[in-house]
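User: I'd like to learn how to read the features of a protein model, one at a time. Could you walk me through this one?

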Amino acid sequence: MPCQHALAARLTPPSSSTPVYKEECTQCFDSQDTPEGVDVCLSCFNGGCPGEPYNHAHQHSMKSGHYLALNIRRTAKKPIDGGGDERPAKLTKLEIRADDTGADGFEYHTFVRCWGCSGARVESGLDNIEPTVSAVIHAVEASKGHEIKAWAEEVTACQHFADLRGQAPRDGFSLDALHQCTGCSKRENLWLCLSCGNVGCGRRQYDGSGGNNHGISHYEETGHCVSIKLGTITPEGTADAYCYACDDN
(Lines give C-alpha, C1' and ligand atoms only; values in the text may rest on other atoms or scores of the structure.)
Protein backbone atom coordinates (compact mmCIF):
# COMPACT_ATOMS: atom_id res chain seq x y z
CA MET A 1 0.00 0.00 0.00
CA PRO A 2 1.45 3.43 -0.95
CA CYS A 3 2.61 5.66 1.90
CA GLN A 4 -0.14 8.15 2.67
CA HIS A 5 2.33 10.61 4.15
CA ALA A 6 4.22 10.65 0.85
CA LEU A 7 1.09 11.00 -1.27
CA ALA A 8 -0.12 13.95 0.83
CA ALA A 9 3.27 15.66 1.09
CA ARG A 10 3.65 19.24 -0.13
CA LEU A 11 7.39 19.77 -0.28
CA THR A 12 9.39 22.84 -1.31
CA PRO A 13 12.82 22.20 -2.88
CA PRO A 14 15.77 24.00 -1.26
CA SER A 15 16.95 27.17 -2.93
CA SER A 16 20.58 27.88 -3.72
CA SER A 17 20.92 29.73 -0.39
CA THR A 18 19.21 27.07 1.76
CA PRO A 19 21.60 25.06 3.99
CA VAL A 20 21.32 21.35 3.22
CA TYR A 21 23.00 19.08 5.79
CA LYS A 22 23.54 15.95 3.79
CA GLU A 23 27.09 14.85 4.59
CA GLU A 24 26.71 14.08 8.27
CA CYS A 25 24.33 14.05 11.24
CA THR A 26 24.07 17.48 12.83
CA GLN A 27 23.96 15.91 16.31
CA CYS A 28 26.57 13.14 16.39
CA PHE A 29 28.35 13.68 13.03
CA ASP A 30 27.88 10.15 11.71
CA SER A 31 28.52 10.51 7.99
CA GLN A 32 27.35 9.18 4.65
CA ASP A 33 30.12 6.61 4.87
CA THR A 34 28.48 4.66 7.70
CA PRO A 35 26.50 1.54 6.75
CA GLU A 36 23.21 3.36 7.48
CA GLY A 37 24.16 6.59 5.72
CA VAL A 38 22.53 9.94 6.58
CA ASP A 39 18.86 10.89 6.46
CA VAL A 40 18.18 14.37 5.08
CA CYS A 41 14.82 15.77 6.13
CA LEU A 42 12.86 16.69 3.01
CA SER A 43 11.05 19.48 4.84
CA CYS A 44 13.85 21.40 6.63
CA PHE A 45 16.96 19.60 5.24
CA ASN A 46 18.41 18.70 8.62
CA GLY A 47 20.83 15.78 8.56
CA GLY A 48 20.36 12.91 11.00
CA CYS A 49 21.78 9.46 11.62
CA PRO A 50 19.18 6.73 11.06
CA GLY A 51 20.94 3.98 13.01
CA GLU A 52 21.53 2.97 16.60
CA PRO A 53 22.36 3.97 19.23
CA TYR A 54 21.02 7.51 18.72
CA ASN A 55 18.84 7.47 15.61
CA HIS A 56 18.74 11.27 15.51
CA ALA A 57 16.82 11.17 12.21
CA HIS A 58 13.89 9.45 13.93
CA GLN A 59 14.10 11.80 16.91
CA HIS A 60 13.99 14.80 14.58
CA SER A 61 10.97 13.39 12.79
CA MET A 62 9.02 12.79 15.99
CA LYS A 63 9.78 16.29 17.31
CA SER A 64 9.12 18.18 14.10
CA GLY A 65 6.46 16.07 12.41
CA HIS A 66 8.63 15.91 9.29
CA TYR A 67 8.19 12.29 8.30
CA LEU A 68 9.88 12.10 4.91
CA ALA A 69 13.65 11.89 4.58
CA LEU A 70 16.14 11.09 1.85
CA ASN A 71 18.70 8.51 2.90
CA ILE A 72 22.12 9.05 1.33
CA ARG A 73 24.86 6.45 1.66
CA ARG A 74 28.29 6.76 0.09
CA THR A 75 30.66 3.95 -0.85
CA ALA A 76 34.09 4.12 -2.44
CA LYS A 77 34.36 3.07 -6.05
CA LYS A 78 36.64 0.20 -6.83
CA PRO A 79 39.80 1.52 -8.50
CA ILE A 80 40.21 0.75 -12.19
CA ASP A 81 43.47 -1.01 -12.96
CA GLY A 82 45.28 1.25 -15.40
CA GLY A 83 48.46 -0.77 -15.46
CA GLY A 84 50.26 1.52 -13.02
CA ASP A 85 51.43 3.92 -15.74
CA GLU A 86 49.15 6.84 -14.94
CA ARG A 87 50.80 9.91 -13.51
CA PRO A 88 49.19 13.01 -12.07
CA ALA A 89 48.89 15.95 -14.43
CA LYS A 90 51.81 18.34 -14.38
CA LEU A 91 51.21 21.35 -12.16
CA THR A 92 51.43 24.42 -14.39
CA LYS A 93 49.72 27.04 -12.21
CA LEU A 94 48.35 27.58 -8.75
CA GLU A 95 44.57 27.71 -8.64
CA ILE A 96 41.56 26.76 -6.56
CA ARG A 97 39.58 23.96 -8.11
CA ALA A 98 36.30 22.33 -7.19
CA ASP A 99 36.75 19.06 -5.33
CA ASP A 100 35.76 16.34 -7.78
CA THR A 101 36.47 13.42 -5.45
CA GLY A 102 32.78 12.91 -4.86
CA ALA A 103 32.11 12.62 -8.58
CA ASP A 104 35.00 10.32 -9.43
CA GLY A 105 35.81 8.42 -6.26
CA PHE A 106 32.43 7.46 -4.78
CA GLU A 107 29.09 5.92 -5.55
CA TYR A 108 25.92 7.27 -3.91
CA HIS A 109 22.93 5.17 -2.91
CA THR A 110 19.68 6.96 -2.13
CA PHE A 111 16.09 6.19 -1.22
CA VAL A 112 13.22 8.02 0.47
CA ARG A 113 11.91 6.73 3.78
CA CYS A 114 8.93 7.68 5.93
CA TRP A 115 9.42 7.82 9.68
CA GLY A 116 5.66 8.10 10.07
CA CYS A 117 5.56 4.56 8.71
CA SER A 118 8.33 3.24 10.99
CA GLY A 119 11.09 4.14 8.52
CA ALA A 120 9.62 2.21 5.61
CA ARG A 121 10.85 2.93 2.10
CA VAL A 122 8.69 5.12 -0.10
CA GLU A 123 8.13 4.22 -3.71
CA SER A 124 10.22 6.29 -6.09
CA GLY A 125 8.99 8.56 -8.85
CA LEU A 126 6.23 10.44 -7.00
CA ASP A 127 5.71 13.78 -8.74
CA ASN A 128 5.24 15.69 -5.48
CA ILE A 129 8.52 14.40 -4.00
CA GLU A 130 11.00 13.93 -6.83
CA PRO A 131 11.79 17.64 -7.43
CA THR A 132 12.82 18.05 -3.78
CA VAL A 133 14.79 14.80 -3.82
CA SER A 134 16.66 15.90 -6.94
CA ALA A 135 17.37 19.34 -5.45
CA VAL A 136 18.80 17.80 -2.26
CA ILE A 137 21.01 15.42 -4.23
CA HIS A 138 22.46 18.26 -6.29
CA ALA A 139 22.62 20.82 -3.48
CA VAL A 140 25.93 22.03 -2.08
CA GLU A 141 26.59 20.63 1.40
CA ALA A 142 25.89 23.29 4.05
CA SER A 143 29.47 23.39 5.35
CA LYS A 144 30.85 23.87 1.83
CA GLY A 145 28.22 26.51 1.17
CA HIS A 146 29.43 28.49 4.19
CA GLU A 147 33.03 28.20 2.97
CA ILE A 148 32.08 29.40 -0.49
CA LYS A 149 30.11 32.29 0.96
CA ALA A 150 33.05 33.24 3.16
CA TRP A 151 35.27 33.51 0.07
CA ALA A 152 32.70 35.36 -2.00
CA GLU A 153 32.81 39.12 -2.05
CA GLU A 154 29.82 41.16 -3.06
CA VAL A 155 30.83 43.85 -5.53
CA THR A 156 28.63 46.93 -5.62
CA ALA A 157 28.89 50.02 -7.78
CA CYS A 158 30.13 53.24 -6.17
CA GLN A 159 27.90 56.20 -6.96
CA HIS A 160 30.83 58.59 -6.55
CA PHE A 161 32.57 56.97 -9.53
CA ALA A 162 29.38 57.05 -11.58
CA ASP A 163 29.02 60.80 -10.93
CA LEU A 164 32.43 61.46 -12.56
CA ARG A 165 31.38 60.53 -16.09
CA GLY A 166 32.23 63.23 -18.58
CA GLN A 167 34.16 65.36 -16.10
CA ALA A 168 37.14 67.23 -17.57
CA PRO A 169 40.50 67.57 -15.74
CA ARG A 170 41.36 70.83 -14.00
CA ASP A 171 43.09 73.67 -15.82
CA GLY A 172 46.83 73.26 -15.93
CA PHE A 173 46.68 69.46 -15.69
CA SER A 174 49.73 67.83 -17.29
CA LEU A 175 50.74 64.23 -17.78
CA ASP A 176 54.29 65.26 -16.96
CA ALA A 177 53.24 65.84 -13.34
CA LEU A 178 52.18 62.25 -12.75
CA HIS A 179 55.59 60.98 -11.75
CA GLN A 180 55.71 62.58 -8.29
CA CYS A 181 53.42 63.47 -5.39
CA THR A 182 52.41 67.14 -5.45
CA GLY A 183 52.96 67.41 -1.70
CA CYS A 184 56.33 65.71 -1.34
CA SER A 185 59.04 63.93 -3.28
CA LYS A 186 57.44 60.47 -3.20
CA ARG A 187 57.51 58.67 -6.56
CA GLU A 188 55.87 55.38 -5.51
CA ASN A 189 52.38 54.44 -4.33
CA LEU A 190 50.89 57.48 -6.07
CA TRP A 191 47.14 58.06 -6.40
CA LEU A 192 45.56 60.17 -9.13
CA CYS A 193 42.47 62.17 -8.14
CA LEU A 194 39.82 61.63 -10.82
CA SER A 195 38.14 64.93 -10.03
CA CYS A 196 41.03 67.36 -10.59
CA GLY A 197 44.11 65.33 -11.53
CA ASN A 198 46.00 65.91 -8.30
CA VAL A 199 48.65 63.29 -7.55
CA GLY A 200 48.98 62.31 -3.89
CA CYS A 201 51.03 59.66 -2.14
CA GLY A 202 49.43 56.81 -0.20
CA ARG A 203 48.88 56.30 3.49
CA ARG A 204 51.70 56.15 5.98
CA GLN A 205 52.08 52.67 7.51
CA TYR A 206 52.62 51.94 11.20
CA ASP A 207 56.29 51.19 10.67
CA GLY A 208 56.86 54.55 8.95
CA SER A 209 56.92 53.09 5.45
CA GLY A 210 54.47 53.89 2.66
CA GLY A 211 53.44 57.41 1.76
CA ASN A 212 52.90 60.67 3.61
CA ASN A 213 49.06 60.68 3.50
CA HIS A 214 48.91 63.40 0.82
CA GLY A 215 46.27 61.47 -1.12
CA ILE A 216 43.82 61.36 1.77
CA SER A 217 44.78 64.90 2.82
CA HIS A 218 43.70 66.10 -0.63
CA TYR A 219 40.32 64.39 -0.11
CA GLU A 220 39.87 65.99 3.32
CA GLU A 221 40.66 69.45 1.89
CA THR A 222 38.63 69.25 -1.33
CA GLY A 223 36.06 66.48 -0.92
CA HIS A 224 37.41 64.80 -4.08
CA CYS A 225 36.96 61.21 -2.99
CA VAL A 226 37.76 58.94 -5.95
CA SER A 227 41.29 58.06 -7.04
CA ILE A 228 43.13 55.41 -9.00
CA LYS A 229 46.60 54.06 -8.31
CA LEU A 230 49.16 55.04 -10.90
CA GLY A 231 50.94 52.09 -12.43
CA THR A 232 47.86 49.81 -12.28
CA ILE A 233 45.99 51.19 -15.30
CA THR A 234 45.63 48.59 -18.07
CA PRO A 235 44.84 48.92 -21.81
CA GLU A 236 41.49 47.28 -21.06
CA GLY A 237 40.54 50.23 -18.88
CA THR A 238 40.89 48.58 -15.45
CA ALA A 239 42.86 49.90 -12.49
CA ASP A 240 43.14 49.77 -8.71
CA ALA A 241 40.58 52.34 -7.61
CA TYR A 242 39.59 53.71 -4.22
CA CYS A 243 36.79 55.85 -2.85
CA TYR A 244 37.67 57.73 0.33
CA ALA A 245 34.01 58.58 1.00
CA CYS A 246 32.97 54.91 0.89
CA ASP A 247 36.31 53.81 2.36
CA ASP A 248 36.36 50.92 -0.06
CA ASN A 249 38.19 49.58 -3.10
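Analyst: Gladly! Let's begin with the idea of a core: a nonpolar core is a set of buried Ala, Val, Leu, Ile, Met, Phe, Trp, Tyr and Cys residues joined through side-chain atoms within 4.5 Å. Keep in mind that this is a predicted model. Here the largest nonpolar core has 20 residues, and Leu42, Leu68, Val122 and Ile129 are those with the most contacts inside it.

User: Which elements each supply at least two residues of this core?

Analyst: There are four to look at: β1 (38–41), β3 (68–76), β4 (106–114) and α4 (130–138). The one that gives the most is β3, with three residues. As a general idea, nonpolar side chains in soluble globular proteins tend to be buried together.

User: What is valine 122 in contact with, leaving aside its neighbours within four places in sequence?

Analyst: Valine 122 is in contact with Cys3, Ala6, Leu68, Val112, Arg113 and Cys114. Apart from this core, there is a second, separate one of nine residues, which includes Leu164, Ile216, Tyr242 and Cys243.

User: Let's step back to the whole chain. How many helices and strands are there in the protein?

Analyst: The protein has seven helices and nine strands. Of its 249 residues, 31% are buried. The accessible surface comes to about 16,800 Å², and 50% of that belongs to carbon and sulfur atoms. For contacts with a separation of 6 or more, 59% are between residues 24 or more positions apart.

User: How do I read aromatic pairs, and how many does a search of the whole structure find?

Analyst: Look at the distance between ring centres and the angle between planes; an angle over 60 degrees counts as edge-to-face. The search finds three aromatic pairs. One of them is tryptophan 191 with tyrosine 242, an edge-to-face pair at 6.5 Å centre to centre with 70° between the planes. Tryptophan 191 lies in strand β6 (residues 190–193) and tyrosine 242 in strand β9 (residues 241–243), so this pair ties together parts that are 51 residues apart in sequence. Tyrosine 242 also pairs with tyrosine 244, again edge-to-face, at 5.2 Å centre to centre and 70° between the planes.

User: Are these rings buried or exposed?

Analyst: Tryptophan 191 and tyrosine 242 are both buried, and tyrosine 244 is buried too. Together with Tyr219, these three form one aromatic cluster: Trp191, Tyr219, Tyr242 and Tyr244.

User: Rings can also have a charge over them. Where does the charged end of arginine 74 sit?

Analyst: The charged end of arginine 74 sits over the ring of phenylalanine 106, 4.1 Å from its centre. In another case, the charged end of arginine 121 sits over the ring of phenylalanine 111, 3.8 Å from its centre.

User: What about cysteines? How many disulfides does the count come to?

Analyst: The test is whether two cysteine sulfur atoms lie within 2.5 Å. By that rule the count is zero. For cysteine 25, the nearest cysteine sulfur is that of cysteine 28, 3.7 Å away. Cysteine 25 is buried, with a relative accessible area of 0%. For cysteine 225, the nearest cysteine sulfur belongs to cysteine 243, 4.0 Å away. Cysteine 225 is buried as well, at 9% relative accessible area.

User: What does histidine 56 touch, not counting residues up to four places away in sequence?

Analyst: Histidine 56 touches Cys25, Gln27, Cys28, Gly48 and Cys49. Histidine 56 lies in helix α2 (residues 56–64) and counts as buried at 14% relative accessibility.

User: I am curious about a charged residue as well. Is lysine 22 buried or exposed?

Analyst: Lysine 22 counts as buried, because its relative accessibility is 10% and the cut-off for buried is under 20%. Lysine 22 is in the loop between α1 (4–8) and β1. Leaving aside neighbours within four places in sequence, the contacts of lysine 22 include Gln32, Val38, Ile72, Ile137 and Glu141. The C-alpha atoms of lysine 22 and isoleucine 137 are separated by 8.4 Å, although the two are 115 residues apart along the chain.

User: And where is the place of glycine 215?

Analyst: Glycine 215 is in helix α7 (residues 214–222) and is buried, with a relative accessible area of 8%. Not counting residues up to four places away in sequence, glycine 215 touches Gly200, Cys201 and Tyr244. Glycine 215 and tyrosine 244 are 29 residues apart in sequence and 9.5 Å apart in space, C-alpha to C-alpha.

Methods: Residues numbered from 1 in each chain as written. Predicted model: local features only at pLDDT ≥ 70, side-chain atom pairs only at ≥ 80, totals over all residues. Heavy atoms only, no water. Phe/Tyr/Trp six-rings, centres within 6.5 Å; stacked < 30°, edge-to-face > 60°. Buried < 20%, exposed > 50% of the residue type's maximum accessible area, 1.4 Å probe, protein only. Lys NZ or Arg CZ within 6 Å of the ring centre and 35° of its normal. Contact = heavy atoms within 4.5 Å. Areas by Shrake-Rupley, 256 points an atom, 1.4 Å probe, with all protein chains shown as cover.
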